[in-house]
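Student: Could you take me through one small part of this protein up close, and show me how it sits in the rest of the chain? I'd like one connected story rather than a list.

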Amino acid sequence: MPAFLPPALFLMGPTASGKTALAVSLVERFPLEIISVDSALVYRGMDIGTAKPDVATLARAPHHLLDIRDPTEAYSAAAFCDDALRLMRDIVARGKVPLLVGGTMLYFRALLHGLDDLPRADAGVRQQLEATAASRGWPALHADLAQLDPPTAARLAPNDAQRIGRALEIIQLTGQPMSALLDRVQSALPYRVLQLALIPSDRAVLHQRIAARFDAMLSEGLIDEVKTLRQLPGLTADLPAMRAVGYRQAWAYLNGDIDLNALREQGLAATRQLAKRQLTWLRSWPDAVTLDCLADDLEAQAIAHVERHLFSDSAGASG
């Protein structure tokens, strides 16, 4: 490990915590380039429901890893790590500092620690798999697993519900087979990372922000956006892109399964649950500097931390 590591910044937070606005402010003050850490922003044509930065924002602060996949294509934590590490090297070569911004905590963890750590169980995914197994049977899911992850399927009995479910859950959560994750080893991230975590002091205010933003998405045309996406050949409701919050509810509405009021209520509930999961990650995140995203002086606090990291810390590290 070299004595001096180049600096990098993580800006992490739940949905609607103001990450993009703060990131743009930092880019306008420091020599930074933004890398998006968001599993939905990678998809083309998914702009409204993902709160993708608009043209004016991107003109002020360009973002890497937006619009790099069609919604019919897969994107995984492993693919993110490959892309992010390549971009970080390029940014440093240009004399700038990578600023990784987003709320997909699995991607942040994979970048920091590699993918040999398997993701934690997800109750929603497991419930979905159990419902599928109830209708099709575990041997049928075992056959699915044999197509997706042959080495893992080969060591499991066709009725081993717990292990088949776990293997399929990992594929859904990461986009990678468990056998590949167990084999994948990554060395420590070769950067000196300042990790800023935006955590609201009042969850109720965050929920108000979530509601205001979801209502804005509806008024800006979320349903029409999904209607257009549904015309893409090969796009189905069970693909990762369409399982994103807001999109799966709009899909159900367009199917006639729920009415507009249910779309809103279910979309809000799902977004609040997403924020809760993100905050659970962040509250136990080691080495994170916690900032109250509702604080009046949030920008000033963040600037002070970044300034110390880029200048005071680097001087000490190189001296």
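Tutor: Let's start with how much is tucked away: of the 319 residues in the protein chain, 49% count as buried. Keep in mind that you're looking at a predicted model, so a word on confidence helps. The average pLDDT of the protein chain is 92, and 94% of the residues score at least 70. The stretch to treat with care is residues 314-319, where pLDDT stays under 50 and the model has 7 contacts beyond four places in sequence.

Now the overall build. The protein chain has 14 helices and 6 strands, and its C-alpha trace spans about 65 × 45 × 35 Å along the principal axes. For 319 residues, a compact globule would have a radius of gyration near 20 Å, and because the protein chain has 20 Å, the two agree. The contacts tell you about the fold too: among those between residues at least 6 apart in sequence, 76% join residues at least 24 apart. On the outside, the accessible surface comes to about 14800 Å², and 51% of that belongs to carbon and sulfur atoms. As for charge, the chain carries 32 positive and 36 negative charges, and their mean positions are 2 Å apart.

With that backdrop, zoom in on Gly175. You'll find Gly175 in the loop between α8 (161-174) and α9 (178-183). Is Gly175 buried, exposed or partly exposed? Its relative accessible area is 41%, and since partly exposed covers the range between 20% and 50%, Gly175 counts as partly exposed. What does Gly175 touch, once you leave out residues up to four places away in sequence? The answer is Ser76 and Ile170. Another spot to find on your screen is Pro119: Gly175 and Pro119 are 56 residues apart in sequence, yet their C-alpha atoms are 11 Å apart in space.

For a second view, go to Ala134, which lies in helix α5 (residues 123-136). Ala134 has a relative accessible area of 70%, and the cut-off for exposed is over 50%, so Ala134 is exposed. Try tracing from Ala134 to Ala167: they are 33 residues apart along the chain, and their C-alpha atoms are separated by 17 Å.

So put the two side by side: Gly175 sits in a loop and is partly exposed, while Ala134 sits in a helix and is exposed.

How values were computed
Residues are numbered from 1 along each chain as its sequence is written. This is a predicted model: local features need pLDDT of at least 70, side-chain atom pairs count only at pLDDT 80 or more; totals for chains, interfaces and linings use all residues. Side-chain values use heavy atoms; hydrogens and water are left out. Helices (H or I, at least four residues) and strands (E, at least two) are DSSP runs, numbered from the N terminus. The radius of gyration is taken over C-alpha atoms; the globule rule is 2.2 Å times the number of residues to the power 0.38. Buried means under 20% relative accessible area, exposed over 50%, partly exposed in between (1.4 Å probe, protein chains only). Contact means heavy atoms within 4.5 Å. Accessible areas come from the Shrake-Rupley method with a 1.4 Å probe; for residues, only the protein chains shown count as cover. Lys and Arg count as positive and Asp and Glu as negative; His and the chain ends are not counted. The place of a charge is taken as NZ of Lys, CZ of Arg, CG of Asp or CD of Glu. pLDDT is the predictor's confidence in each residue, from 0 to 100.
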